[in-house]
Amino acid sequence: MMVPSLKLPDLIQEIRGAKTQAQEREVIQKECAYIRASFRDGDPLQRHRQLAKLLYVHMLGYPAHFGQMECLKLIASPRFTDKRVGYLGAMLLLDERHDAHLLITNSIKNDLSQGSQPVRGLALCTLSTMGSAEMCRNLATEVERLLLQESSSYVLKKAILTAVHMIRKDPELASIFLPPCSKLLHECHHGILLGTITLIMELCERSPVALRHFRKVVPQLVQILRTLVTTGCSTEHSISGVSDPFLQVKILHLLRILGRNHEESSETMNDLLAQVATNTDTSRNAGNAVLFETVLTIMDIHSAAGLRVLAVNILGRFLLNNDKNIRYVALTSLLRLVQSDHSAVQRHRPTVVECLQDTDASLSRRALELSLTLVNSSNVRTMTQELQTFLETCPIDLRADCASGILLAAERFAPTKRWHIDTILHVLTTAGAHVQDDAVANLTQLIGGAQELHAYSVRRLYTALAKDISQQPFVQVAAWCIGEYGDLLLEGSCEETEPPQVEEEEVLALLEKVLQSHMSLPATRGYAITALMKLSTRFQDNNRIRQVVSIYGSCVDVELQQRAVEYSTLFRKYDHMRAAILEKMPLVERGGPQVDEEAKESKEVPQLLEATVPDTAEPQATKLLDLLDLLDGMSRDSQHPVSLDSTPGNALVHPLDLPCATPPPASIPNLKVFEREGVQLNLSFTRPPGAPALLLVTVTTTNSSGGDVTHFICQAAVPKSFQLQLQAPSGDTVPAQGDLPITQIFRILNPNKAPLRLKLRLTYNHFGQEVQEIFEVNNLPVETWQ
Amino acid sequence: KEKKKITRELVQTVLARKPKMCSFLEWRDLKIVYKRYASLYFCCAIEDQDNELITLEIIHRYVELLDKYFGSVCELDIIFNFEKAYFILDEFLLGGEVQETSKKNVLKAIEQADLLQESQNEEWGGLSEDIL
């Protein structure tokens with residue numbers, strides 16, 4: 001009736017032979033069922049085989065918790081085979097989170113005191129692998145006894161490392177394990193020495209008292225290491241001619257801890273460190289490992305200046321090594337040293353720069369970090385050149401760091417303004433998408449301040465923009481510049497560059513292209529339309545500009561719409577002020593919303609137009625009135641930060657906003673949903689591409705009657721499966737025969753693509769009466785939800 | 001489950017490495033040192049203050065031990081004798097630290113344990129205490 005169980009090798013074979021996941025699962029489930037049964041009432045002598053099979057299955061990721069108790073039974077058995085597998089099972093299946101783990105404490109205790117050497121070894125191994133803090137506390141005295149009395153080096157070395165584990169789990173136990181250390185340090189067995197040094201390290205790192213205590217063994221450690229290094233190595237412990245590199249590295253690490261911040265200890269080690277540094281055979285990795293540790297130690301203690309230089313030079317040599325691993329550790333270490341030993345590291349700058357070209361991404365990343373720290377005023381030109389070349393070809397994830405690094409370096413060390421502008425331009429055109437937000441602000445600031453370079457800048461920007469309008473930060477800067485200095489562009493006289501003949505039409509066409517391009521972010525569009533407006537005072541032909549501006553008066557993008565409407569109004573009603581408003585910008589204090597004292601006068605007006613809309617407030621209908629106020633000379637504590645400081649994304653950073661996907665007209669037909677005594681509500685719809693579940697509804701309320709509409713509130717409701725968010729409306733008033741409607745955007749998420757239904761509730765005052773209307777919107781076009 | 005997640009993430013990261021790349025990578029707040037032998041990857045996670053180059057030696061020493069024990073070890077040896085692989089590891093490292101730097105001593109310990117296991121299975125008398 002019971003299918004005979006498989007032997008372990010056969011089971012493994014069968015699992016590996018399974019062609020699909022399902023098949024594998026089947027085999028394993030069948031076998032596990034058998035194993036469970038066998039645990040219940042099978043032959044105890046076979047138990048270890050069953051557990052072994054279970055452990056294999058566990059390694060593949062299948063549940064094996066029912067084997068936990070079996071581990072306990074096997075550990076308690078007197079047979080070595082059972083214990084071996086049982087302890088292994090405990091290490092793999094039991095951990096602190098299961099209460100069962102405490103149950104083996106007793107078995108371990110017994111085995112530690114009465115077991116044979118291999119058994120004591122097993123117990124210690126298990127304890128140091130999965131021993132929880134509580135277990136450690138229970139067994140600390142056992143382990144201590146072993147440290148003091150154990151004669152077998154095999155067991156002793158394990159006991160020492162078990163003590164290390166115990167301290168890591170419960171630092172209070174440290175005091176128990178401190179006393180045996182000094183004696184153990186006199187042992188010759190490498191394993192014991194290694195363990196002891198590890199133990200001392202652990203103690204010193206946790207307690208300043210222990211640290212002071214162990215400083216006195218520095219001479220002894222120095223002696224041990226010296227012996228290792230100088231006497232002919234026994235082949236038993238050496239690797240490629242280096243005597244026991246594991247032990248050497250450990251000793252060096254401990255010396256580092258002891259010598260840190262301690263003159264006397266550091267002095268004691270100086271000679272030895274120099275000796276190791278110069279005599280270690282570096283043809284193979286083992287030697288380099290020791291050398292590396294030596295360098296780390298030299299750099300961390302109070303070593304003699306000559307020794308430090310030696311260490312840096314060793315790292316420099318590592319940089320030239322063919323082995324990538326060695327180059328990697330060298331770069332990492334140099335990065336740590338560059339603060340404290342800058343000039344020493346500078347000497348290796350050329351090699352570091354070469355490492356930029358490495359095909360291994362982790363290496364080039366390190367090289368980049370290091371290179372950036374090595375830029376200074378004397379090497380800035382060459383370094384920037386190298387870094388820019390790197391920027392052109394570097395992997396995407398390094399672009400942002402490289403770009404900001406170059407910009408930062410340029411800012412700190414630029415030899416001339418023109419070089420600075422060129423550099424930023426180059427970065428923006430190469431990696432525009434990856435620069436940080438303030439790059440735009442910085443560049444416009446920089447250009448604005450360099451009066452002699454206005455013509456040069458605007459030409460270069462124009463030429464580059466004509467070629468490529470996709471890199472957003474660059475386009476923004478270019479648009480701003482063209483707007484400001486468009487007249488210089490036409491002049492055609494500039495010493496620094498070839499004067500190309502630029503016509504007004506071309507410039508306007510280019511700005512329009514930017515305005516219409518689907519690649520342009522809303523912020524970029526904002527810059528473009530403002531630039532166009534400014535050109536109306538610098539160029540002759542205004543008709544084209546007027547046209548463009550009025551088109552955008554009904555753009556779905558609210559920010560753009562606001563600007564366009566304001567500019568149109570500027571043409572229509574305030575034309576006499578236009579020139580003054582659109583004068584050249586004054587230079588603004590960097591980084592502050594504080595406005596210059598002089599700028600507080602009438603020149604504030606252009607700033608207002610430049611200002612981006614604060615995150616949540618929708619444009620107030622009263623903005624136009626503000627213009628008039630300003631011109632009366634009232635000082636404005638303009639809270640609008642000038643656009644120079646604003647981030648490009650800020651224009652519509654409001655999380656509910658979305659980039660304007662298409663310029664008007666929308667592709668879904670508008671819908672008139674309400675009309676009462678001259679008050680009309682129109683809905684327009686947009687489905688942004690890339691967000692299939694999203695519908696944007698713009699509600700426009702107009703008033704053609706003779707009475708004002710005030711206190712207007714519109715609320716909406718949608719079916720349960722939808723999500724609705726209302727943005728703040730543009731205002732709550734539509735004056736009689738007002739041409740400025742109230743607009744409000746609804747954001748509707750329809751993940752289930754269910755048919756859209758929409759209910760609206762309106763309340764407002766009209767002709768002295770309170771009006772309330774609730775209705776469902778009919779005839780919603782299917783394109784709004786399909 | 002957490003272990004499964006870690007395993008999967010780490011495996012993906014390591015397998016994504018190209019052949020010529022260096023053997024170290026950063027993962028969470030640890031450093032991963034890996035070495036490839038034929039179709040097997042041996043990975044070791046170390047802390048920030050640990051020496052990467054010596055970790056490479058640790059990995060290599062372990063592989064050498066396996067090689068000596070199984071006689072020209074191959075992937076199948078490890079699969080079909082996974083408990084042995086664990087036992088050997090447990091004689092070389094303990095609690096995350098190197099316990100024995102002599103290849104000879106590690107192999108001797110395994111040998112003795114194997115003998116003990118066999119002898120008990122055959123119902124012979126136990127070995128004398130001082131085997132190591």
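**Notes on the aromatic contacts**

1. A good place to start is chain B, where Phe42(B) and Tyr62(B) are both buried. Please keep in mind that this is a predicted model.

2. These two residues also belong together as a ring pair. The ring centres of Phe42(B) and Tyr62(B) are 6.4 Å apart and the planes stand at 75°, so the pair counts as edge-to-face. Phe42(B) sits in strand 3 (residues 40-46) of chain B, while Tyr62(B) belongs to helix 2 (residues 52-70) of chain B, so the contact ties together parts that are 20 residues apart in sequence.

3. The picture around this pair has one further member: Tyr37(B) joins Phe42(B) and Tyr62(B) in one aromatic cluster.

4. Over all chains, the count of aromatic pairs comes to 10. In chain A, Phe712(A) and Tyr764(A) make a tilted aromatic pair, with 5.7 Å from centre to centre and 35° between the planes. This pair links distant parts of the chain, 52 residues apart: Phe712(A) is in strand 4 (residues 709-717) of chain A, and Tyr764(A) is in strand 7 (residues 759-766) of chain A. Phe712(A) and Tyr764(A) are each buried.

5. Two arginines in chain A deserve a look as well. Arg36(A) lies over the face of Phe66(A), 4.2 Å from the ring centre. For Arg418(A), the ring beneath is that of Tyr456(A), and the distance to the ring centre is 4.4 Å.

Technical notes:
Residues numbered from 1 in each chain as written. Chains lettered and ligands numbered in written order. Predicted model: local features only at pLDDT ≥ 70, side-chain atom pairs only at ≥ 80, totals over all residues. Heavy atoms only, no water. Phe/Tyr/Trp six-rings, centres within 6.5 Å; stacked < 30°, edge-to-face > 60°. Helix = DSSP H or I, 4+ residues; strand = E, 2+ residues; numbered from the N terminus. Buried < 20%, exposed > 50% of the residue type's maximum accessible area, 1.4 Å probe, protein only. Lys NZ or Arg CZ within 6 Å of the ring centre and 35° of its normal.
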